[in-house]
Amino acid sequence: MALDYSKEPLYSTPSAPQKLVNQPWFDVNTPKTIYVCGQKRAGKGVAMDWMIERMYRNGVTIIHLFSAGGFENLYYVVTKKCKDRWTKEIEIHPERANELGCKCFTTIPILWMIPDYIEMKQDTVDRFNGVYWGSWDEYNEAYIKGYVNEFLPEFCDVTKIKKPKKARPKEVFATMSFPPPSTPKKIEEFRPIFREMVLRARKEHRILVNSPSIYPNTHAGKVQRYNTVAEAMRYLPELSQKDFAMLKMDKPRDEWTRYEKSWHKLCIIANEVRALAPSQRLSGDPESSVSKKAWFNFLPESRHNKSWVLFDLQSPADMFVGVRNQVDLRIIKRSTPMLLGDDLGWFLTLIQKKREGLIEKLGGYSPEVLGFVDKKFPRITEIPDNKGYILFGNGEFKLIKFDTPSWHHKSDKDDFFADTGIDWVVNTDTEEKSATSEKSEKARQTKQQKEDEYRLVDVMRGDGKSFDDIIKHFVKNENDKGNSDSKWHKENKKNLSNKFNSWKKKQNV
């Protein structure tokens with residue numbers, strides 16, 4: 001049976017390079033890898049939120065794999081009605097009209113991935129999701145509307161009574177447990193559960209969230225933290241090929257909903273990516289080597305996996321160069337020459353030349369001219385929180401304004417527990433079993449790796465390689481993986497010769 005392709009859209013590429021600055025820099029049709037860089041409190045999070053909001057509103061499935069501490073990426077479910085509060089504030093104090101601040105007015109539902117040793121206090125989750133009555137006034141209004149049949153006097157504590165299902169709002173905060181994929185057996189268990197999470201997030205139009213703050217700050221906890229991200233990245237290409245094919249609809253494409261058009265699209269989010277893929281100049285957590293390699297391998301194929309990748313950090317130089325060089329767009333927020341480093345120092349010089357050229361063209365350093373130039377080409381050290389330079393791959397750039405998101409943008413003063421009342425406990429028995437399993441698996445892997453290395457040394461010695469040559473070979477391999485502080489960097493030929501000869505004798509016994 002012949003396949004009918006008549007309703008599929010036709011795609012093409014321009015015959016000559018286009019001026020990118022004249023094109024929309026962000027859309028939900030062409031997958032891109034984008035990073036945002038800038039100093040602390042320069043508005044990196046607002047720029048990220050601006051992009052995330054547009055991906056979500058257009059039906060793209062979003063996986064927020066990593067964030068800063070303090071459960072920052074759980075704040076999609078929080079609104080403090082800042083927009084209404086600002087409106088009232090400006091009525092009283094109109095001089096504050098140009099101040100920048102959170103303008104939240106709604107929430108976005110999430111599905112939170114939690115390790116299997118985390119046990120949610122369900123009553124706190126239910127209370128946050130509106131399962132219980134919030135006040136007598138709310139109960140009485142429901143009684144008037146006929147949602148409940150029994151009248152209760154005002155002195156009754158209705159906050160301990162659950163609402164009937166028809167009166168409950170949509171569940172905003174949902175969770176699913178998974179075994180942290182830190183051993184081969186647990187990886188096998190993790191993958192189908194992760195697939196179920198992603199597909200549920202798409203079906204219910206939730207953002208799938210993995211928050212690093214939930215893992216213990218121990219070696220075992222860090223192994224879980226970085227392995228979870230790494231294994232998700234390794235599995236996403238397979239998941240994309242199997243479950244994220246473009247829909248085939250029996251109607252013209254211009255009649256599709258935004259969700260139907262985005263059924264096959266994924267967006268991967270990571271804040272503070274320097275923790276996941278630190279540069280060679282940073283020591284970082286040793287456990288992060290797995291996530292660094294996973295990011296490096298995923299990015300070249302992200303476009304073919306219909307995946308947008310968005311991440312942020314302070315300095316591009318803090319990120320592994322193999323990841324840094326694979327971006328399509330860079331967003332430059334307020335920064336310093338030291339943070340921009342060699343990678344973007346030229347752009348700071350370019351902006352200064354643009355400013356000087358425009359000042360000269362407009363007739364000199366009058367207040368009016370300087371005010372105009374500051375708006376058109378603000379110094380990188382003075383970019384407002386709600387603006388940033390978009391830097392294209394061909395060197396073109398444009399200045400963009402970013403609005404705050406519809407959910408609450410977390411600040412340093414916000415506290416997730418105080419803002420939501422959601423709480424949980426750690427099942428220490430499960431956590432300890434997981435750590436013990438990981439420890440024994442790590443010991444087995446270390447032993448196997450050592451065995452494999454000595455076998456390779458044996459082969460290289462048979463080929464006439466000196467111990468110095470062999471050490472150089474292993475050092476190069478580690479450098480290629482972004483590891484500049486491995487055991488091979490500290491090895492010497494005498495020590496290697498003694499250990500190898502000892503191993504060789506055991507093989508002959």
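This report describes the overall make-up, one strand, one helix, a surface patch and the salt bridges of a protein chain.

The structure is a predicted model. The protein chain contains 15 helices and 12 strands. Along the principal axes, its C-alpha atoms fill a box of roughly 90 × 75 × 60 Å. Of the 509 residues in the protein chain, 45% are buried.

**Strand 8**

Strand 8 comprises residues 307-313, and seven of its seven residues are buried. In a regular strand, side chains point alternately to one face of the sheet and to the other. In strand 8 both faces are covered: S307, V309, F311 and L313 lie on one side, and W308, L310 and D312 on the other. Strand 8 pairs in the parallel sense with strand 1 (residues 33-37) over five bridges, and V36 stands opposite D312. Strand 7 (residues 266-270) also pairs with strand 8 in the parallel sense over five bridges; here A270 stands opposite F311.

**Helix 6**

Helix 6 spans residues 219-243, and its 25 residues should extend over 36 Å at 1.5 Å a residue. The C-alpha atoms at its ends are 34 Å apart, which agrees with that expectation. At L236 the helix bends by about 35°, and the proline P237 follows within four residues. Because 19 of its 25 residues are buried, helix 6 is largely enclosed by the rest of the structure.

**A nonpolar surface patch**

Y143, I144 and F151 form a nonpolar patch on the surface, with about 320 Å² of accessible area together. F151 is located in the loop between helix 4 (136-145) and strand 5 (173-178). The relative accessible area of F151 is 45%, so this residue counts as partly exposed.

**Salt bridges**

Side chains of opposite charge can pair when their charged atoms come close. The model has 30 salt bridges, including the three pairs tabulated here.

| Salt bridge | Closest N to O distance |
|---|---|
| R96 and E89 | 2.9 Å |
| R200 and E171 | 3.9 Å |
| K504 and D458 | 2.8 Å |

The salt bridge of R200 and E171 joins helix 5 (residues 184-204) to the loop between helix 4 and strand 5, so it ties together parts that are 29 residues apart in sequence. R200 is partly exposed at 23% relative accessible area, and E171 is partly exposed at 35%.

K504 and D458 form a salt bridge that links helix 15 (residues 493-507) with helix 13 (residues 428-462), the two residues being 46 residues apart. In addition, R191, E231, R234, E238 and K242 are linked in a network of salt bridges.

Technical notes: Residues numbered from 1 in each chain as written. Predicted model: local features only at pLDDT ≥ 70, side-chain atom pairs only at ≥ 80, totals over all residues. Heavy atoms only, no water. Buried < 20%, exposed > 50% of the residue type's maximum accessible area, 1.4 Å probe, protein only. Pairing = 2+ DSSP bridges. Patch = residues over 30% accessible without salt bridge, like charges linked within 9 Å, V, L, I, M, F, W, Y side chains within 5 Å. Areas by Shrake-Rupley, 256 points an atom, 1.4 Å probe, with all protein chains shown as cover. Salt bridge = Lys/Arg side-chain N within 4 Å of Asp/Glu carboxyl O. Expected span 1.5 Å × (residues − 1). Bend = angle between axes of the 7 residues up to and from the residue.
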